[in-house]
Amino acid sequence: MTTVRLLVQGQDRDYALAVGQSVLEAAMAQGLDLDHACGGVCACSTCHVKILRGGDCFSAASDDELDQLDEARDVDLDSRLGCQARLERAPADGIVELRIPLWNVNAVREGGS
Ligand code: FES
């Protein structure tokens with residue numbers, strides 16, 4: 001299995017992301033706090049991430065994903081749903097970098113869970 005380095009802005013450790021794995025699956029497997037209110041079925045936008053590096057190596061966004069992203073705040077061209085963005089091939093430099101938008105983090109904290 002091919003695995004790449006997953007960097008997450010603001011985190012002081014590296015994570016791993018395997019080819020074939022979604023961002024949410026990698027986060028859950030390694031204790032990275034990424035909200036996923038709908039359980040990863042593309043029915044919310046709480047798993048919104050921005051893929052700053054390596055984004056072209058992920059599965060293309062479906063119409064459903066784009067519809068959900070329309071509901072998210074602070075969306076830009078790098079935005080994906082973490083449960084839908086699946087790594088399809090390793091980037092040439094072996095690195096994927098993400099940012100979890102601040103409002104996602106706030107929503108998790110305010111939720112008290
Ligand atoms: S967890 Fe709900 S859309 Fe990703």
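This is a short walk through the fold, from its overall layout to its core and then to the first strand and its surroundings.

Keep in mind as you look that this is a predicted model. The protein contains 3 helices and 5 strands, and reading along the sequence gives the order β-β-α-β-α-β-β-α. With a radius of gyration of 13 Å, close to the 13 Å that the globule rule gives for 113 residues, the protein is as compact as a globular protein of that length. If you line the model up along its principal axes, the C-alpha atoms fill a box of roughly 35 × 30 × 20 Å. Of the 113 residues, 28% are buried. Contacts reach well along the chain, too: among those between residues at least 6 apart in sequence, 67% join residues at least 24 apart.

Now let us turn to the interior. The largest nonpolar core has 20 residues, and L6, V23, V96 and L98 are those with the most contacts inside it. Four elements, β1 (3-8), α1 (23-30), β3 (48-53) and β5 (95-99), each supply at least two residues of this core. The element that gives the most is α1, with 4 residues.

L6 is a good place to pause. Leaving aside residues up to four places away in sequence, L6 touches D14, Y15, A16, L17, A26, V96 and L98. Two of these partners, V96 and L98, are also listed with L6 among the core residues that have the most contacts inside it.

What does β1 pair with? On one hand, β1 pairs with β2 (residues 15-18) in the antiparallel sense over 4 bridges. Within this pairing, R5 has A16 in β2 as its bridge partner. The two strands form a hairpin with 6 residues between them, and in the turn G10 has a positive phi of about 85°. On the other hand, β1 runs parallel to β5, joined to it by 4 bridges. Here V8 finds its bridge partner in L98 of β5, a residue that belongs to the core described above.

Finally, follow the chain back to its start. M1 lies in the segment before β1. Is M1 buried or exposed? The count of other C-beta atoms within 10 Å is 6, so M1 is exposed, given that 12 or fewer is the limit for that class. Even so, M1 has partners further along the chain: not counting residues up to four places away in sequence, M1 touches A18 and V19. The C-alpha atoms of M1 and A18 are separated by 6.8 Å, although the two residues are 17 residues apart along the chain.

Key
Residues are numbered from 1 along each chain as its sequence is written. This is a predicted model: local features need pLDDT of at least 70, side-chain atom pairs count only at pLDDT 80 or more; totals for chains, interfaces and linings use all residues. The radius of gyration is taken over C-alpha atoms; the globule rule is 2.2 Å times the number of residues to the power 0.38. Two residues are in contact if their C-beta atoms, placed from the backbone, lie within 7 Å. A nonpolar core is a set of buried Ala, Val, Leu, Ile, Met, Phe, Trp, Tyr and Cys residues joined through C-beta atoms within 7 Å. Two strands pair if DSSP finds at least two bridges between them.
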